[in-house]
Amino acid sequence: MLRRYFALALLILSGVGIAWTADYSGPRPPTPDMLYLVHADNLVPTEAGEAKEEGKGNSSRYVMPGATSSARTPLAEPIFIMQSDKLTPESIELYKFDVKGGRREVDLSGGHGSKALHLAVTRLERGLYRIEVDEVLDNGEYVLSPMGSNRVFCFEIY
């Protein structure tokens with residue numbers, strides 16, 4: 001009996017998921033594995049690049065040149081969209097940059113280092129994901145990066 005209820009619940013939940021994801025009609029990213037800020041029906045590409053790793057001993061600091069990002073949003077809880085090819089959306093982490101000496105940096109060495117901020121990832125349809133910042137962010141420079149990678153997607157909140 002319990003198995004029958006479980007099967008029925010699974011069937012209902014899977015049907016709801018299919019119906020919900022099939023309804024997505026928003027803008028589509030033109031390039032896979034790139035994060036885009038969602039501004040109504042417009043997509044704004046984030047500043048993509050590779051962070052340079054600097055460090056001595058147990059210190060892990062990642063640096064991007066320039067004091068500000070070319071990708072900007074006024075939204076304190078920005079939403080991103082991504083068409084995934086090789087990049088796993090669930091591996092993406094969000095950090096706040098410190099701006100020092102005309103460059104952006106984040107210290108991930110633990111202790112007093114930056115902690116990842118909260119994100120929510122939703123699958124919209126096969127390979128298409130919505131990534132939402134799940135807390136209010138202050139104005140400043142931010143970076144999204146897959147765990148274990150120097151690949152970065154930068155943006156500024158103003």
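**Exercise 1. Determine how strand β1 is joined to strand β7, and place both strands in their sheet.**

Step 1. Strands β1 (residues 36-39) and β7 (residues 79-83) run antiparallel and are joined by two bridges. Strands here are DSSP runs (E, at least two residues) numbered from the N terminus, and two strands pair if DSSP finds at least two bridges between them.

Step 2. Within this pairing, L37 stands opposite F80 in β7.

Step 3. The wider arrangement is an open sheet of five strands, in the order β2-β1-β7-β12-β11, with antiparallel pairing. Its edge strands, β2 (42-45) and β11 (119-125), each pair on one side only. On average, neighbouring strands of this sheet are turned by 30 degrees against each other, direction ignored; the axes are lines fitted to C-alpha atoms, and angles run from 0 to 180 degrees between N-to-C directions.

The model is predicted: local features need pLDDT of at least 70, side-chain atom pairs count only at pLDDT 80 or more, and totals for chains, interfaces and linings use all residues. Residues are numbered from 1 along each chain as its sequence is written, and side-chain values use heavy atoms, with hydrogens and water left out.

**Exercise 2. Identify the residues that touch the most other members of the largest nonpolar core, and the strands that supply this core.**

Step 1. A nonpolar core is a set of buried Ala, Val, Leu, Ile, Met, Phe, Trp, Tyr and Cys residues joined through side-chain atoms within 4.5 Å. Buried means under 20% relative accessible area, exposed over 50%, and partly exposed in between (1.4 Å probe, protein chains only).

Step 2. The largest core has 23 residues, of which L35, F80, I81, I92, L94, L144 and F155 touch the most other members. At least two residues of this core come from each of β1, β7, β8 (92-96), β12 (128-133), β13 (140-146) and β14 (151-157).

Step 3. For I81, the residues touched, not counting those up to four places away in sequence, include Y24, P27, M34, L35, V38, L43, L124 and Y129.

Step 4. Another core, of nine residues, lies apart from the largest one; A51, Y62, V106 and V152 are among its members.

**Exercise 3. State whether T73 is buried or exposed, and list its contacts.**

Step 1. T73 lies in strand β6 (residues 72-73).

Step 2. Its relative accessible area is 0%, so T73 is buried.

Step 3. Beyond neighbours within four places in sequence, T73 is in contact (heavy atoms within 4.5 Å) with L37, H39, P78, F155, E156, I157 and Y158.

**Exercise 4. Describe the salt bridges of E54, K100 and R130, with the exposure of each partner.**

Step 1. A salt bridge is a side-chain nitrogen of Lys or Arg within 4 Å of a carboxyl oxygen of Asp or Glu. The whole structure holds eight of them.

Step 2. E54 bridges to R103, with the closest N and O atoms 3.0 Å apart. E54 is in strand β4 (residues 52-54) and R103 in strand β10 (residues 103-107), 49 residues apart, so the pair links distant parts of the chain. Both count as partly exposed, E54 at 23% and R103 at 26% relative accessibility.

Step 3. K100 meets E105 at 3.8 Å, N to O. K100 is partly exposed at 46%, whereas E105 is buried at 6%.

Step 4. R130 and E132 approach to 3.2 Å between their closest N and O atoms. R130, at 31%, is partly exposed, and E132, at 25%, is partly exposed.

Step 5. Through shared partners, salt bridges join E54, R61, K100, R103 and E105 into one network.

Conventions
Helices (H or I, at least four residues) and strands (E, at least two) are DSSP runs, numbered from the N terminus.
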